[in-house]
There are 4 protein chains.
Amino acid sequence: MYSFMNDYNEGAHPKVLKKLEETNLLQLDGYGEDVYCRDAAQLIKGAAGSKNAAVHFIPGGTQTNLIAVSAFLRPHEAVISAQTGHVEVHETGAIEATGHKIITVDTPDGKLDAKLVQPTLDFHSNEHMVKPRMVYISNTTEVGTHYTKTELEELSSFCRSKGLLLYLDGARLGSALTVDGCTLSIKDIAQLTDAFYIGGTKTGALLGEALVIMNDALKSDFRFMIKQRGGMLAKGRVLGLQFLALFEDGLYFELAAHANETADILRKGIAKLGFKFASDSVSNQLFPIFPAELCDKLRKRFDFMQGPPGKRNGDRKDGDIVGDA
Amino acid sequence: MYSFMNDYNEGAHPKVLKKLEETNLLQLDGYGEDVYCRDAAQLIKGAAGSKNAAVHFIPGGTQTNLIAVSAFLRPHEAVISAQTGHVEVHETGAIEATGHKIITVDTPDGKLDAKLVQPTLDFHSNEHMVKPRMVYISNTTEVGTHYTKTELEELSSFCRSKGLLLYLDGARLGSALTVDGCTLSIKDIAQLTDAFYIGGTKTGALLGEALVIMNDALKSDFRFMIKQRGGMLAKGRVLGLQFLALFEDGLYFELAAHANETADILRKGIAKLGFKFASDSVSNQLFPIFPAELCDKLRKRFDFMQGPPGKRNGDRKDGDIVGDA
Amino acid sequence: MYSFMNDYNEGAHPKVLKKLEETNLLQLDGYGEDVYCRDAAQLIKGAAGSKNAAVHFIPGGTQTNLIAVSAFLRPHEAVISAQTGHVEVHETGAIEATGHKIITVDTPDGKLDAKLVQPTLDFHSNEHMVKPRMVYISNTTEVGTHYTKTELEELSSFCRSKGLLLYLDGARLGSALTVDGCTLSIKDIAQLTDAFYIGGTKTGALLGEALVIMNDALKSDFRFMIKQRGGMLAKGRVLGLQFLALFEDGLYFELAAHANETADILRKGIAKLGFKFASDSVSNQLFPIFPAELCDKLRKRFDFMQGPPGKRNGDRKDGDIVGDA
Amino acid sequence: MYSFMNDYNEGAHPKVLKKLEETNLLQLDGYGEDVYCRDAAQLIKGAAGSKNAAVHFIPGGTQTNLIAVSAFLRPHEAVISAQTGHVEVHETGAIEATGHKIITVDTPDGKLDAKLVQPTLDFHSNEHMVKPRMVYISNTTEVGTHYTKTELEELSSFCRSKGLLLYLDGARLGSALTVDGCTLSIKDIAQLTDAFYIGGTKTGALLGEALVIMNDALKSDFRFMIKQRGGMLAKGRVLGLQFLALFEDGLYFELAAHANETADILRKGIAKLGFKFASDSVSNQLFPIFPAELCDKLRKRFDFMQGPPGKRNGDRKDGDIVGDA
């Protein structure tokens with residue numbers, strides 16, 4: 001039985017586990033203040049090209065998003081997200097549970113740009129409505145598409161001109177950065193966003209996301225926020241060590257590139273057979289549209305997800321294979 | 001200068017003020033436990049045809065909605081609302097500020113029915129998404145349309161079959177109940193919903209809404225909720241007395257009918273002149289579509305609101321006159 | 001039957017009601033943007049000696065407190081209050097419901113000073129604890145005591161040196177400002193605090209408190225906050241008009257002084273009879289300690305509150321008369 | 001340099017890491033629905049003596065507490081905790097951030113009993129105050145004391161008679177259950193509480209706590225709550241596998257007993273030297289009171305925490321050694 005289910009159905013990369021073993025008997029400071037967390041943060045600051053970046057390790061993606069949003073926004077400020085955004089669809093109302101509204105925008109491909117965001121700004125004109133304050137994007141997106149460097153530059157420039165924070169959910173950032181021909185780097189993202197996170201869980205770690213805060217105004221007291229929301233592990237080393245393993249020798253990018261490449265083989269094979277895809281995914285999330293009978297047959301030999309991810313009123317007549325939700 | 005702005009640009013009906021004066025020197029229990037609050041509640045229970053209804057007086061509509069939603073729902077439970085719903089558009093994220101997500105549904109006319117709600121239920125299938133739990137409707141709606149008795153019966157029946165609470169925002173309930181030919185009564189609404197409120201502010205009161213909770217499971221400890229959210233006036237008499245004035249002689253329905261009738265004159269006149277309306281409003285909210293130049297001319301002699309209420313991406317080229325937002 | 005229950009068992013001062021009547025037929029802007037709200041705000045700015053003060057009218061005291069705290073503080077920031085503080089004891093967790101912790105301090109007399117607050121600052125040393133950020137005081141306090149000008153100056157100076165906001169709950173501010181020999185003025189309070197509110201409900205109004213924000217950093221977008229928490233009345237005139245009546249001819253201070261004076265007669269009479277008081281109240285809240293049998297007798301001719309207000313583990317053996325809770 | 005800092009300055013027990021390695025290449029269901037989570041839950045249900053117990057694995061203790069409290073309580077319901085309780089002192093207001101007040105009780109030894117809790121029930125008499133609903137205890141407590149079986153039986157019986165939920169924070173449950181002469185078992189705790197958690201982080205795991213919900217009324221939709229608060233790891237296996245290692249051969253109890261025994265050697269040695277302790281700790285948290293100069297000397301050869309944990313206004317003149325905060 002082959003599984004095409006999810007990155008998180010796998011364990012960790014062996015080097016990640018090895019790092020945990022090698023250091024297991026050391027006594028280290030708790031709560032993310034150990035030397036390995038510092039070293040991993042150093043590597044990420046290097047990748048971001050900024051000594052002043054604030055780097056925090058947090059167990060999961062939903063948690064990272066909810067801590068960041070609730071730390072960055074005042075109570076009446078809202079998040080703008082694609083209708084397909086993870087915060088909107090697949091976080092059980094985690095953002096709203098911290099008190100903030102998400103304003104959704106319909107998009108053709110899971111991506112936001114100035115033209116798509118502007119009407120939301122026009123509409124929210126006074127104190128009887130929330131105040132749009134943060135643009136939330138994912139890269140790669142929930143439907144597998146990615147932002148080019150130019151697209152991100154334009155969106156960043158738009159956000160800055162409108163007083164909007166730009167936050168990038170990088171649960172699949174590795175995939176986005178190793179797309180064939182993509183010139184976007186972590187350094188670029190650091191310069192173009194106010195904060196972003198580098199996803200560990202989907203790229204070789206057991207758990208862990210690295211939040212990088214670039215905007216100085218958003219940095220103060222952030223550890224209070226992590227602790228208050230339950231995201232501060234007592235043995236914080238667990239997170240730092242994994243990111244150390246992923247970033248000290250470029251393993252993070254290797255793994256992401258490998259996932260993209262093997263997905264590409266699958267993508268090309270499916271296309272060759274004449275099937276279409278629900279989205280133009282560049283990541284290892286593939287959304288081929290198969291007839292229902294074929295799905296039934298495939299299910300006997302393969303595990304995969306079926307049904308429309310992140311879409312309301314999804315038509316299930318044909319069935320999509322989805323790589324991840 | 002004539003004003004066609006809003007119900008709340010007016011003061012109170014004189015009988016309402018008179019009631020406050022007549023009783024002004026009496027010493028009464030505070031916090032809504034005085035005899036007039038009890039009497040007013042009695043009258044409303046009578047109108048609802050239920051001795052067991054729980055009636056609470058609350059200063060404003062947004063406050064009533066946020067207290068009800070946060071009292072009735074568990075943290076992961078969400079509200080389903082029309083995209084045009086007041087809770088979605090014009091409450092500055094008040095519902096989300098209590099931790100609950102609003103799931104919006106596009107509607108042709110501001111009204112929800114089983115067919116429109118069902119896809120939301122289908123989509124929200126597991127613990128990675130919020131759990132739809134309450135259907136929020138307004139009557140009349142934010143675009144001036146209203147529910148017939150049959151429509152409300154069908155929606156109520158659907159909600160009950162699906163385990164959904166049905167909550168009716170009656171900021172303009174008077175208007176809805178006095179629509180020409182409408183057979184819907186407060187008694188019907190009481191039987192068909194889990195809770196609803198009777199709007200005082202837009203029908204003759206200075207302030208005040210009467211929340212009526214019909215579902216026994218939602219009644220317990222409700223006064224704690226009102227107090228916690230800041231909705232319990234120390235001199236609660238102010239609210240009870242006004243509702244007494246409105247309900248002891250049918251004044252509430254008189255005022256609403258009068259507003260509908262005068263709006264109807266205006267509606268017919270505008271239609272006769274060949275203008276169309278953005279919605280099929282039956283209330284005193286009218287949404288005629290006028291050319292921009294005409295709007296400019298009218299503005300010299302009349303006060304009115306301009307622009308699309310409760311609609312995103314509203315095209316302002318032609319200009320709508322709106323009676324209320 | 002005489003009642004010594006509560007200020008809020010009474011109606012409004014006749015001049016307050018008269019103001020509502022006189023203006024009742026006027027069409028005015030909604031949501032607190034009418035000319036009377038502006039005029040009343042002007043008068044209060046005058047009293048505060050500051051054109052830049054931001055004045056907002058809000059229906060009730062608990063609501064004012066919860067809106068202010070949630071608007072002023074970031075999620076991890078906490079309020080320091082006397083153990084007897086209204087926010088701690090009598091608001092059904094309204095502050096916590098907005099996400100903020102209250103740190104309590106035991107006091108001999110309901111009042112805070114530098115010495116009492118400092119240990120809380122010492123104790124809260126890192127991100128595993130909340131960050132004390134606002135000092136909440138009431139004047140007069142919940143046990144009827146009051147701050148002298150010197151005491152408030154010292155506390156203000158301490159707060160500023162420690163980066164703490166100073167917020168004054170003035171539900172009974174009139175009483176505090178008209179205490180015999182007291183030199184404290186609204187102007188002083190405006191200069192010494194970051195924000196405070198002037199209580200209308202307990203001094204002649206039907207409802208309504210006037211929040212005055214002095215610290216520029218706390219002013220932005222405040223109307224969003226009022227709306228989001230349900231505190232923005234559609235017919236905002238109701239609040240503005242009442243404060244106009246109270247402040248245009250000094251009625252507010254007249255009423256407060258009268259209440260103090262009549263309470264003083266009662267206080268002296270009780271003292272003359274040899275009874276002691278649970279607190280050194282200067283307001284019309286009196287806390288005489290009577291034997292239980294006397295309470296039973298008094299109850300036949302007088303209404304009053306019995307039992308220890310704002311005190312945990314209160315010993316009810318003897319019974320206190322309390323003027324207000 | 002010897003460290004007497006904290007359990008969480010250590011790594012994991014080797015058997016725990018080994019379990020992660022052995023299973024690393026398997027493809028397993030995500031989000032805690034894998035076979036190892038099920039097996040570990042099975043073992044814990046066995047220990048609890050109940051097939052119907054609901055077992056959930058959550059990354060950390062603060063997170064477990066905040067998820068449980070916010071899932072179990074309605075908005076106006078409050079937690080009763082010892083003043084020294086972890087939720088009160090060392091969680092950065094995590095409970096309040098979910099909207100709930102904590103009512104604190106001063107205790108001589110960090111433990112609650114009926115007599116200590118009753119006054120809080122007496123005091124909270126109406127809707128102007130929060131409603132006490134859950135009693136939060138820790139075992140061992142934050143000052144190292146523990147509950148005997150009889151004490152827990154009495155507290156449980158009291159809570160049930162008063163309609164209070166009893167929740168036990170078991171961050172150091174292993175220590176409590178292996179105290180010399182203690183007859184309390186997980187089975188007892190399961191029968192006597194509504195919910196409790198078994199702490200993994202401080203007893204051999206890298207991270208992870210096992211929440212056990214016994215009260216049927218509290219079980220429904222709990223996975224929604226975990227997800228909404230960011231506590232659901234995508235690779236949930238990480239938690240299940242560790243608890244499997246800890247519970248399949250009694251490792252959990254071995255490790256806890258070992259910690260207690262070695263602490264006992266230290267405790268007896270210190271006592272022999274004539275020093276007193278700030279609390280009567282039975283766990284590996286020791287609170288000896290040393291003169292400041294001795295602390296300075298010891299610091300050259302040993303790492304340890306200094307200063308009063310969980311106590312306000314702590315006098316630092318003498319210095320306490322504390323084993324954990």
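No salt bridges are counted between chain D and chain A: the number is 0. The model is a predicted one. In it, the two chains nonetheless share an interface, with 42 residues of chain D in contact with 42 residues of chain A. Together, chain D and chain A bury about 3800 Å². Carbon and sulfur atoms account for 53% of that area. Three residues, D:Tyr8, D:Gln27 and D:Lys235, supply 17% of the area that chain D buries against chain A. No other three residues supply more.

The pairing of chain D with chain A is symmetric. A rotation of 180 degrees superposes chain D on chain A. The shift along the rotation axis is 0.0 Å, and the RMSD is 0.0 Å. Of the interface residues of chain D, 100% are also interface residues in chain A, so these copies meet through the same surface.

A second interface joins chain C and chain D. Here 28 residues of chain C are in contact with 28 residues of chain D. The size of an interface is often given as the accessible area lost when the parts come together. For chain C and chain D, the buried area is about 2200 Å². Carbon and sulfur atoms carry 53% of it. Salt bridges between chain C and chain D number 4. In a salt bridge between these chains, the side chain of C:Glu88 meets that of D:Lys101, at 2.9 Å from N to O.

Chain C and chain D are also related by rotation. A turn of 180 degrees, with 0.0 Å of shift along its axis, superposes chain C on chain D, at an RMSD of 0.0 Å. That is the relation of a two-fold axis. Of the interface residues of chain C, 96% are also interface residues in chain D, so the copies meet through the same surface.

Individual residues were examined next. C:Leu66 is found in helix α3 of chain C, which spans residues 61-72. The relative accessible area of C:Leu66 is 4%, and this residue therefore counts as buried, the cut-off being under 20%. Contacts of C:Leu66 reach into two chains. In chain B, C:Leu66 touches B:Gln228, B:Arg229 and B:Gly230. In chain C, the residues touched are C:Ala94, C:Ile95, C:Thr98 and C:Arg229, with residues up to four places away in sequence not counted. C:Leu66 and C:Ala94 are 28 residues apart along the chain, yet their C-alpha atoms are separated by 6.1 Å.

C:Tyr252 lies in helix α12 of chain C, residues 251-272. With 0% relative accessibility, C:Tyr252 counts as buried. Beyond residues up to four places away in sequence, C:Tyr252 touches C:Gly170, C:Leu173, C:Gly174, C:Ile198, C:Gly199, C:Thr203, C:Leu246 and C:Phe247. One of these contacts, C:Thr203, is 49 residues from C:Tyr252 in sequence. In space, the C-alpha atoms of C:Tyr252 and C:Thr203 are 6.6 Å apart.

Helix α12 of chain A, residues 251-272, holds A:Leu266. At 34% relative accessibility, A:Leu266 counts as partly exposed. A:Leu266 contributes to a nonpolar surface patch, together with A:Tyr2 and A:Phe4. The area of this patch is about 300 Å².

Terms used:
Residues are numbered from 1 along each chain as its sequence is written. Chains are lettered from A and ligands numbered from 1 in the order in which they are written. This is a predicted model: local features need pLDDT of at least 70, side-chain atom pairs count only at pLDDT 80 or more; totals for chains, interfaces and linings use all residues. Side-chain values use heavy atoms; hydrogens and water are left out. Copies are superposed by least squares on the C-alpha atoms of residues with pLDDT of at least 70 in both. Contact means heavy atoms within 4.5 Å. Patches are made of residues with over 30% relative accessible area and no salt bridge: like charges are joined within 9 Å, nonpolar side chains (Val, Leu, Ile, Met, Phe, Trp, Tyr) within 5 Å. Accessible areas come from the Shrake-Rupley method with a 1.4 Å probe; for residues, only the protein chains shown count as cover. Helices (H or I, at least four residues) and strands (E, at least two) are DSSP runs, numbered from the N terminus. Buried means under 20% relative accessible area, exposed over 50%, partly exposed in between (1.4 Å probe, protein chains only). Buried area is the accessible area (1.4 Å probe) that two parts lose on being put together, summed over both.
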